[in-house]
Amino acid sequence: MKIKTSQLPLIIVSGLILIWMMIPIVYTIIFSFNESAKTNISWRGFTLDNWLKVCDNAEVCGAFINSITVAVVSTIIATALGTMIAVALVRYRFKFRSAVSLLLFMPMATPEVVLGAGLASQFFAAGVEKGLVTIIIAHTMFCISYVVVAVKARVASLDPALEEAGRDLYGSPQAVFWRITFPLLLPGIVAAALLSFALSFDDFIITNFNSGQVSTFPKFVYVAAARGVPAEANVIASGVFFVALILVLSVQIFGYFRRKKLAKVSA
Amino acid sequence: MAFAAFSTNAAPVEAAPKKRSWIAPFLLLPGLAYLSLFFLVPLIALLLTSFQATEFGPLGKEFVYAFQWENYVQAINEYMPHIGRSFFYSITATIFALLIGYPLAYLMGVTLRDFPMWKSLVLMLVIAPFFFSFLLRALAWKQLFADSGPVVGVLNMLGLFGPGDYLNGTDFSVIFGLTYTFIPFMTLPIYTSLDRLDIRYLEAAGDLYGKPATNFWKVTIPLSMPGIVSGTLLTFIPASGDYINASNMFLGSPSTAMIGNVIESNYLITQNFPIAAALSIALMAVILVAVSIYIRRSGTEDLL
């Protein structure tokens with residue numbers, strides 16, 4: 001198969017769109033190396049200082065650590081709860097199925113301002129003080145639905161015959177789950193957890209309503225935007241980006257080799 | 001695998017689960033209880049807040065539960081321009097995002113089908129913005145659009161812009177920012193639809209002497225409709241409530257303020273909770289009505 005000339009316009013247009021999409025990312029990465037003074041708007045020369053001394057700016061670093069804490073905790077809770085729901089949705093019959101689907105769909109179809117203001121009203125009415133815990137509660141809430149969507153596809157593609165074979169070979173229900181079902185679901189669960197982490201880490205709107213005095217990385221950037229964002233913020237965003245890319249790439253490469261190995265075994 | 005082609009138009013057919021088991025409620029309960037407590041109950045709290053009356057007590061401003069529906073009249077009267085602007089911006093941005101996202105999705109789903117390495121590369125690039133701070137990307141555009149920045153410079157050089165012209169804080173920059181932000185949300189669902197499309201339909205249309213344009217409108221578009229519907233919703237809903245792009249610290253100005261900006265300032269700055277709550281409930285109601293009409297008219301009710 002070769003690319004036809006009639007496909008060239010599409011390829012060129014798409015290439016331009018992709019370049020356009022990368023512009024602000026490349027711009028921000030370049031400015032993480034800027035020898036910035038008070039503001040980081042004009043280019044003043046190349047330096048590695050921002051990268052080497054990120055945590056000299058305690059405010060950025062503190063906000064970053066808060067964001068990581070929130071993202072890790074809410075990802076773990078949301079992935080566990082969401083995976084359980086996904087398995088139940090695909091595998092079992094139960095009453096009120098459409099009500100359950102609606103409850104899962106609604107948080108994705110509600111604008112973030114509404115989710116944020118709603119939770120804030122509830123915390124206010126209940127007299128709960130806002131802080132790290134309320135941020136984690138909020139993030140877990142909006143991540144669950146996305147986890148369900150991501151894991152559900154994986155459960156649906158799982159061949160029940162594999163588990164039946166396990167049971168036929170006298171595997172206990174626990175053994176069948178941990179040695180057959182779980183490893184097969186794992187790629188879906190990992191993808192869901194990555195998505196959940198990315199959503200939580202980058203969330204600003206819901207966080208802004210429910211964080212009180214606590215700062216997260218996006219909140220820091222929002223507040224700093226009024227007086228000029230320091231280059232250390234560019235460093236953190238760029239660093240997170242590179243780590244995420246490496247993770248996604250290694251998941252892909254791992255999957256590729258695993259498929260190759262499986263193909264060899266079954267051949 | 002041939003059956004897979006039929007499922008692209010309707011919702012993917014799930015193998016009907018037959019088993020009933022005590023395990024099902026055990027698996028569902030924790031997650032659903034969580035969503036009820038932290039999604040449903042807050043919506044009720046918001047609804048109650050939207051009817052609260054303001055009283056000036058000894059401790060200053062206080063809110064008491066009442067049935068003050070006038071809050072809605074007041075909120076809508078006062079902020080009608082913002083509400084109109086929000087929907088104008090978000091609908092325009094959704095249309096642009098569709099025009100930009102569709103070619104990308106088509107490239108990945110159809111053109112590059114036999115080139116898995118290239119396809120993965122393009123997919124990575126489409127997903128990449130998810131991993132990069134959304135606020136810093138918006139700020140980067142702001143700096144590129146600044147009066148002394150490269151974009152205005154080029155426009156000046158071409159004679160398209162005069163001394164008093166600017167980009168930041170205009171309808172253009174806000175719609176641009178919204179379009180840019182939601183491109184991946186538009187592209188990915190369309191890609192999923194096109195990826196499942198059985199290429200033999202396109203070949204059959206060609207064999208029957210359909211012109212490429214006719215084939216595209218009569219075959220490709222209808223078969224990718226579920227993706228188009230989810231993509232437009234995933235763009236329109238968050239865009240209509242967004243307040244970053246339209247904020248004056250980012251790509252907007254006071255004259256581009258959207259409903260999200262108003263809700264934020266009423267809630268977090270002036271602490272006028274009932275008005276902010278009334279606006280939130282009104283926004284949600286409009287979106288729910290618009291979305292259900294849209295889903296019905298596009299014939300993808302199975303989507304949910």
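**Two chains, one shared core: a walk through a predicted complex**

Let me start with one residue: Phe56(B) is exposed, because only 8 other C-beta atoms lie within 10 Å, where a residue is called buried if 20 or more other C-beta atoms lie within 10 Å of its own, exposed if 12 or fewer, and partly exposed in between, with C-beta atoms placed from the backbone. Before I go on, please keep in mind that this is a predicted model, in which local features need pLDDT of at least 70, side-chain atom pairs count only at pLDDT 80 or more, and totals for chains, interfaces and linings use all residues. Residues are numbered from 1 along each chain as its sequence is written, while chains are lettered from A and ligands numbered from 1 in the order in which they are written.

Back to Phe56(B), which sits in strand β1 of chain B, residues 53–57; helices (H or I, at least four residues) and strands (E, at least two) are DSSP runs, numbered from the N terminus. None of this strand is covered to the point of burial, since the count of buried residues among the five residues of β1(B) is zero. β1(B) runs antiparallel to strand β2 of chain B, residues 60–64, and five bridges join them, where two strands pair if DSSP finds at least two bridges between them. A hairpin of two residues connects β1(B) to β2(B), and across it Phe56(B) has Lys61(B) as its bridge partner. Phe56(B) is also 70 Å from Asp114(B), C-alpha to C-alpha, although 58 residues separate them in sequence.

Now for chain B as a whole. Chain B has twelve helices and two strands, and its C-alpha trace spans about 80 × 70 × 30 Å along the principal axes. Of the 304 residues in chain B, 42% are buried. Two residues are in contact if their C-beta atoms, placed from the backbone, lie within 7 Å, and of the contacts in chain B with a separation of 6 or more, 69% are between residues 24 or more positions apart.

How confident is the predictor? Chain B averages a pLDDT of 87, with 92% of the residues scoring at least 70, pLDDT being the predictor's confidence in each residue, from 0 to 100. Residues 1–14 of chain B need caution, as their pLDDT stays under 50. For the complex, the predictor gives an ipTM of 0.89 and a pTM of 0.89.

Which residues make up the contact between the chains? It takes 73 residues from chain B and 69 residues from chain A. On the side of chain B, the elements giving two or more residues include α2, α10, α11 and α12, and the largest share, 18 residues, comes from α2(B). That side divides into 55 nonpolar, eleven polar and seven charged residues, where Ala, Val, Leu, Ile, Met, Phe, Trp, Tyr, Cys and Pro count as nonpolar, Asp, Glu, Lys and Arg as charged, and the others, Gly among them, as polar.

From chain A, I would pick out helix α5, residues 112–126, whose 15 residues reach 21 Å from the first C-alpha to the last, close to the 21 Å expected, the expected span being 1.5 Å times one less than the number of residues. Twelve of the 15 residues of α5(A) are buried, and these pack against α6 and α9 of chain A together with α2, α10, α11 and α12 of chain B. One of the buried residues is Ala117(A), which, leaving aside neighbours within four places in sequence, is in contact with Phe209(A) and with residues of chain B including Leu46(B), Ile263(B) and Ser280(B).

Ala117(A) also appears in the largest nonpolar core, which has 140 residues, and is listed with Ile85(A), Val221(A), Leu135(B) and Leu279(B) as having the most contacts inside it; such a core is a set of buried Ala, Val, Leu, Ile, Met, Phe, Trp, Tyr and Cys residues joined through C-beta atoms within 7 Å. The helix that gives the most to this core is α3(A), with 14 residues.

Finally, a word on backbone angles. Most residues other than glycine have a negative phi. Phe96(A), however, has a positive phi near 55 degrees, lies in the loop between α3 and α4 of chain A, and counts as exposed because it has 11 C-beta neighbours inside 10 Å. Tyr170(A) has a positive phi near 65 degrees, in the loop between α7 and α8 of chain A, and its 7 C-beta neighbours inside 10 Å make it exposed as well.
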